[in-house]
Amino acid sequence: DGKFVKDFENKVCKFVNSKFAISVTSCTSALHLAYLALELKNGDEVIIPGYGYLAAANISLQMGLKPIFVDVDLETFCVTSKDIEKKITPKTKLIVVFNIYGNVCDLDPIIKIAKIKKIPVLEDAAQSFGSLYKSKQSGTLTDIGTYSFQATKIITTGEGGMVVTNKDKNFVEKLKLY
């Protein structure tokens, strides 16, 4: 919570055009923080891509949530709205999308479904910092975005992660509390 961390958060906010950014120890921690702030409860279902790093699924299991895996497009390795729509149930409380290898999911149809169903979308942009979708930065296109700054990522601090959001200040205070 020092000067350099705040400076980094402000620079990320400016670069990605986000209202809020909170630094954490890893992207896994960023995902966990988002799940907690969204107040997901035991038995809730979380839609997660079946291809990619398993942190989102592991956190779901640790919290007593049920991961529901969806297929990815074989060209982009990103999820599509078609399989997501098929897997939504009344217990679905979050949709997680991964932007993989710099590719950003085709988010418009996913966001449209999520709005109709009133389900938040979390964009894991660990592998797409700086990638654009219709001239907007990855990680900022949904309710919550997460980034990784681990040694093999596009921007690195050696380790670390970040949560970004344009949601209201009350939600941000929950993130900070956790």
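**Exercise 1.** How does Glu39 count by relative accessibility: buried, partly exposed or exposed?

*Solution.* The model is predicted: local features need pLDDT of at least 70, side-chain atom pairs count only at pLDDT 80 or more, and totals for chains, interfaces and linings use all residues. Residues are numbered from 1 along each chain as its sequence is written, and side-chain values use heavy atoms, with hydrogens and water left out.
1. Take the cut-offs: buried is under 20% relative accessible area, exposed is over 50%, and partly exposed lies in between (1.4 Å probe, protein chains only).
2. Glu39 has 42% relative accessibility and counts as partly exposed.

**Exercise 2.** Find where Glu39 and Ser135 sit, and state the sign of phi for each.

*Solution.*
1. Helices (H or I, at least four residues) and strands (E, at least two) are DSSP runs, numbered from the N terminus.
2. Glu39 lies in the loop between α2 (27-37) and β2 (45-49). Its phi is positive, about 60 degrees, although Glu39 is not a glycine.
3. Ser135 lies in the loop between β6 (132-133) and β7 (136-137). Phi of Ser135 is also positive, near 70 degrees, and this residue is not a glycine either.
4. With 67% relative accessibility, Ser135 counts as exposed.

**Exercise 3.** How many disulfides does the structure hold?

*Solution.*
1. A disulfide is a pair of cysteine sulfur atoms within 2.5 Å.
2. The structure holds 0 disulfides.
3. For Cys13, the nearest cysteine sulfur is that of Cys27, 16 Å away. Cys13 is buried, at 11% relative accessible area.
4. For Cys27, the nearest cysteine sulfur is that of Cys105, 14 Å away. Cys27 is buried, at 8%.
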